[in-house]
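User: Could you take a close look at one part of this structure, a single helix of your choice, and then show how the chain around it is put together? I am in my first year, so please explain each term when it comes up.

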Amino acid sequence: MGWESWIVDTLRRALAYGTPLLWGTLGEIYAERAGVVNLGVEGMMILGALSAFAVAQSTGNPWIGVLAAAVVGGLAALIHAFFSVTLRANQYVSGLALTIFGLGLSGLLGTSWVGISLKNPLPKATIPGLSRIPILGDALFRDHSYLTYIGLFLAVVLWFVLYKTRWGISIRSVGESPSTADAMGINVFLVRYLCVIFGGVLAGVAGGFLSVEYRPSWTEGMTAGMGWIVIALTIFAAWDPLQAVGGVVLFGGLYHLAYRLQRWFPPEFLKLMPYAFAILVLAVAGLRKVRRGAPAALGLPYVRGQR
Amino acid sequence: MRKLVLLTAVILLFGLVVFGAEKIKAGFVYVGPIGDYGWTHAHDLARRIVDDKFDWLETVYVESVPEGQEGAIIDRLIAQGCNVIFTTSFGFMDGPLEAAMRYPDVIFAHCSGFKRYKNMATYMADFYQVYYLNGLMAGALTKTGKIGYVAAHPIPELKRHINAFTIGVREVNPDAEVHVRWIYSWYDPAAAKEATEALIAEGCDVFAFTEDSPTVVQVAAENGLPSFAHYSPMLKFAPDHVVSGQLVHWEKIYEDFLVKVHEGIYTTENLAYVDYWWTLPQGAVELGADFGVPINPVWEDELKAKVIDHPVFGKVSIYDLVMIRHSQFGAPGITFDPFQGPVYDRKGVLRIPEGTWPSYETLVTMQWAVDGVVGPWPGEPEE
């Protein structure tokens, strides 16, 4: 086995493991760009995972399952939007409650789906042409899930929308200074609602990916903390959709390498490596005074007429 | 006539008191969710089986109890009227012990622990013989000579199982290696998947594991590779690729224990030496990919066709060897142990002398790794 196979394997696994993280992170970036922290990602993902599995198994079509996950994720996010935007409740508390609620409800409703193997998992695809590129073709464009390719494409689109369109300006100004945005005639509540719901839709798909592709079955709590990694990656990516791709590939690659390298390095250390590395990068970026600031109004409820 | 009526009434009343007192309400404290399709799922299946079987028994459970918080849960269950408490995680340990001292009238049983008290027993259904049998098959099926093992936590229980498995592998394939990866979690599907992918990248082509989900089985099957299921019947997750596996029957232990409580054999005074260590002969564990399917028929031909020259049995097919060894673990008398001496660890230290079997103590405190285990082994003794 040469070094090429190490690179191919690591990138391949980084993308496969990273796909749900990417979808989740892109969604959370939009919610937070509009000024709303949603700690309910884990809860929205697990609800998405259960609905995707149940619907895919009942209909025999995994795509309808993914669609159901998107809808359920969006609905779950709507709860958070109602509490944090309309009722101006503490966003952290509301998000945590959503996570606990999602884990509990999915466990309760999911009992009859435990121990069933999905008939028809989501297919994989190879992109013609691009897959012929040496090394990178094998790593990035061969035998990945459709959701992996769509996720990468979505990252580019979302970056473009955020930085190059009027919609993006509206979203960012709502997150930076809602009162200014309001004065400019932007509907702060509407933007926040839409961004939070959009984040939920993406988190739902992330969960659906887990239960109809990554590991086509349902078990209680199968997201196993991925929602929290999403929250960390959002900060790591400095709320930028393209940096999110970098962060996800880096984290996913280290996650894979942690198991490849166990033969030579202590496993306790390797298990920590992806997390330790993330902290290190943040620290270095902080020291170099790169602006990695959060949206200024992040976490703050907006009350008209108050600054 | 009046005397007769009075007598009947007295007898009836007496009967009510006696049998009423013998009604058992058992409370189960689970560490995980009942939907994990692994450890807690298996305990809960067993609970439902005994609950259905005996009309003098009522059961309740609390799931996903974090280790360290079992004390309050036990208090609540006893307040609800439970007179028997089962706690099903090694990590609970001191919680049930303290509760046993606090509630001398309640009977406790703690799974996989080693602390007992006059009203607290311990119990465990152990797999090491089954792992050894699976090892025989894994050793015969590997083409690369590398078998992958995804392992949860580096504790004696897993080390014993991996060692027994490896001894089986090497009995039929002396050069084969068992590559181990630790994921440091009882339940983490993503970690199990990535560990399996890492092992595949390194050339492993047969898989066994200890993790509470069917992930390893599914990933192996996706790559067209055989695997051995763990804990729950996983044949349906990969009907063409699961060869066999280990299954548990906690209900055997729960039934025996509760019947003995019901009959007054176990009391709140005599449990200090009651320790169930049940394996194949007692039927607490089973070899198989599914209940009643010791070896997946899809793999039978290949295992029958593969014949080795065995030091004890001569020319024998792998299939027959598994059946012979399986019968040696059967009731009434066990005539073989996977750790039959001499057993050396991978550093060359003699751990079990020639002509002896390991004691219970040796089995439950095992920290060393046998020859053939490749990969990290946290807590491995220096020499």
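**A helix and its chain**

Analyst: Helix H6 of chain B covers residues 156–172, and its 17 residues should span 24 Å at 1.5 Å a residue, which agrees with the 25 Å between its end C-alpha atoms. The expected span is 1.5 Å times one less than the number of residues, while helices (H or I, at least four residues) and strands (E, at least two) are DSSP runs numbered from the N terminus. This is a predicted model, in which local features need pLDDT of at least 70 and side-chain atom pairs count only at pLDDT 80 or more, whereas totals for chains, interfaces and linings use all residues. Residues are numbered from 1 along each chain as its sequence is written, and chains are lettered from A and ligands numbered from 1 in the order in which they are written.

H6(B) is largely enclosed by the rest of the structure, because 15 of its 17 residues are buried. A residue is called buried if 20 or more other C-beta atoms lie within 10 Å of its own, exposed if 12 or fewer do, and partly exposed in between, with the C-beta atoms placed from the backbone. In chain B as a whole, 51% of the 383 residues are buried.

The chain around this helix has 12 helices and 17 strands. Its C-alpha trace spans about 85 × 40 × 40 Å along the principal axes. The radius of gyration of chain B is 23 Å, which agrees with the value near 21 Å for a compact globule of 383 residues; this radius is taken over C-alpha atoms, and the globule rule is 2.2 Å times the number of residues to the power 0.38. Of the contacts in chain B between residues at least 6 apart in sequence, 63% join residues at least 24 apart, where a contact means that two C-beta atoms, placed from the backbone, lie within 7 Å.

Chain B also has an open sheet of 6 strands with parallel pairing, in the order S2-S1-S3-S4-S5-S11. Its edge strands, S2 (57–62) and S11 (275–278) of chain B, each pair on one side only, and two strands are said to pair if DSSP finds at least two bridges between them. From one strand to the next, the twist averages 20°, with axes fitted as lines to C-alpha atoms, for helices over the stretch in contact, and angles running from 0 to 180 degrees between N-to-C directions. Helix H2 of chain B (residues 39–53) packs on this sheet, where it touches S1 and S2 of chain B, and its direction makes about 160° with that of S2(B). Within the sheet, S1 (residues 24–29) and S3 (residues 84–87) of chain B run parallel and are joined by 4 bridges, and B:Val29 has B:Thr87 in S3(B) as its bridge partner.

Two loops of chain B deserve a look as well. In the loop between S3 and helix H4 (94–102) of chain B lies B:Met93, whose phi is near 40°, a positive value in a residue other than glycine. B:Met93 counts as partly exposed because it has 18 C-beta neighbours inside 10 Å. In the loop between helix H11 (318–328) and strand S15 (343–344) of chain B lies B:Pro342, and the peptide bond that leads to B:Pro342 from B:Gly341 is cis, with omega near 5°.
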